[in-house]
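Reader: I would like to go through this model with some short questions. Can we start with the charged side chains?

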Amino acid sequence: MGKTGQPSWAKRILKLLEQAKAKDPDFARFGAYSHRYKLSPPASEETIQRFEAQEGIRLPEEYRDFLFFVGNGGAGPYYGLYGLETLEKELHDSHGSRLYRVLEEPVIYPKMSDEEWGRAAYLKMSDEERHRTVYPKGAPGNSRQKGEEVHPYAGVLPIGSQGCTLMTGLMLAGPYRGQVVYYDEDFCGPPFFVREKGFLAWYERWLREVIAGYNDEKAGFGLNLDGSPGQLMELYEQTENPEDRIEIVDSYYKFETLPGKQKTYFKKACARESNMEVRMKLIKMLARFHVPGMTKELEKLWEYGAYAEAVSVITYEGTWEVKEAWYERVFEILPRLRGEGFRDACHTISAMKDYPDVHAGRLREALTREDLDRNDRAALFHCIRKLKGKEEVLDYFMNYLSTEEEPALLIYAVWCTEGVKNRQLQELYVGLMDKYRTHENTKFDYKGSQMVLRGGGCMGAGRPEGQLVSNLMRQFDYFGLDYRGGFQLLMDEGRWKEWKQQNGFGAG
């Protein structure tokens with residue numbers, strides 16, 4: 001017998017969704033431009049049952065109820081939620097073979113260490129999967145021992161994309177059935193299980209944080225603790241466990257500002273904190289919110305070897321005089337930094353761009369590092385974009401533009417070479433436009449560029465491939481046209497070939 005009537009929790013979610021949309025009318029929040037706070041109509045009981053029968057699964061009840069009472073995909077964290085039709089495509093390749101082994105017991109669990117994850121991911125892969133996988137940290141070297149052919153993400157239903165290879169999933173089996181999990185399809189690190197035990201609590205928290213104006217682009221929605229500044233402060237007061245305190249302090253990065261009461265409390269807590277790791281986290285967090293007095297901690301942090309924390313203070317709290325006094329030491333320590341510390345160092349270096357001894361050539365060694373993740377490399381590119389002497393590293397970027405496959409990173413690489421006059425570079429630009437101009441996301445952004453909005457403007461590119469193509473067109477001043485007209489030329493096969501011939505780039 002089918003369900004009838006809309007329950008109160010569903011009405012509450014829909015009301016919160018309207019409030020979230022009103023809070024972010026320009027879709028400025030990460031991923032909002034994709035889903036626009038709209039949900040597809042709810043799925044019928046028959047549609048859900050047909051999907052479950054086809055895949056041989058039973059969806060977790062809260063997620064199932066969401067599809068039936070609220071919406072069949074659409075608005076949600078990051079780039080939104082898949083509907084059942086999209087899910088069917090995600091679960092199978094173009095030949096109909098299953099990509100996710102959703103029928104099997106999961107092999108992942110909360111708080112896996114890098115080593116545990118490395119062993120689980122590597123040993124559970126088939127030889128074919130190993131050949132095409134970037135091995136995670138902790139994998140057993142180059143041993144070719146045959147493991148069980150069980151995918152590391154067995155028992156996980158992919159319900160949404162966070163961008164690139166990062167995914168949002170839902171546990172279908174085992175003790176964590178119904179819990180949301182974040183994972184990387186490239187196996188670059190252990191999965192993260194969100195703290196909410198059910199789908200609905202996770203979804204409602206997202207709506208509450210949108211309405212409250214929290215910043216999930218910097219902190220990542222769901223990666224931190226739930227709660228307001230005051231609630232987190234109370235939680236900090238109630239615990240003496242260093243690991244728990246660090247988790248609480250890290251959760252403050254989701255806030256745009258830190259209220260005065262919390263500034264005063266945590267500054268005093270920092271002064272009396274005996275655990276050096278917790279104290280370093282407090283200094284860094286307080287510096288992030290420009291709490292006065294943090295720069296005096298720099299020498300102490302440097303002596304302790306807390307370089308990332310020291311660089312963070314220089315970046316966020318340091319006055320111009322502090323940056324001027326410390327930027328050479330930031331250059332010196334850059335090879336030892338990764339993650340947020342590396343990105344903060346790039347920010348400080350770019351702030352000193354007008355100094356004669358700050359130029360792109362000094363970052364050549366950093367460019368060749370293989371231990372930087374995509375966020376580190378994007379920050380490095382963003383830094384180089386602002387520096388003089390980009391010709392000094394042009395050879396690196398010529399090779400990079402020829403080999404990199406990730407559009408989001410190519411965007412930054414194109415920015416880095418902007419303004420450099422070089423014929424071979426222009427040929428690379430044209431080749432990239434040829435490669436990405438027919439991508440479905442570029443076509444989507446092209447349609448947006450042709451829309452006439454209130455005031456006569458048009459929608460800018462919002463997807464990685466479209467943004468890349470837009471930035472490439474800008475290198476040629478949009479072919480002498482405006483943004484809308486440049487996109488029209490590029491998407492017209494005949495006009496595009498003609499433009500290439502006229503400018504000596506061949507007819508291909």
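Reader: How many Å, N to O, is the salt bridge between the side chains of E340 and K284?
Author: This is a predicted model, where local features need pLDDT of at least 70, side-chain atom pairs count only at pLDDT 80 or more, and totals for chains, interfaces and linings use all residues. Residues are numbered from 1 along each chain as its sequence is written, and side-chain values use heavy atoms, with hydrogens and water left out. A salt bridge puts a side-chain nitrogen of Lys or Arg within 4 Å of a carboxyl oxygen of Asp or Glu. The side chains of E340 and K284 meet in one, N to O, at 3.7 Å.

Reader: How many residues apart in sequence are the parts that E340 and K284 tie together?
Author: Helices here are DSSP runs (H or I, at least four residues), numbered from the N terminus. E340 lies in helix α17 (residues 339-351) and K284 in helix α13, so the parts tied together are apart in sequence by 56 residues.

Reader: Is K284 buried or exposed?
Author: Buried means under 20% relative accessible area, exposed over 50%, and partly exposed in between (1.4 Å probe, protein chains only). E340 has 35%, so E340 is partly exposed. K284 has a relative accessible area of 7%, so K284 is buried.

Reader: Which residue meets R245 in a salt bridge?
Author: Both partners are buried: R245 and E273. Their side chains meet at 3.1 Å, N to O. The partner of R245 is E273.

Reader: What separates E209 and R205 in helix α8?
Author: Their side chains meet in a salt bridge of 2.8 Å, N to O. E209 and R205 are four residues apart in helix α8 (residues 199-212), so the separation is about one helical turn.

Notes: Helices (H or I, at least four residues) and strands (E, at least two) are DSSP runs, numbered from the N terminus.
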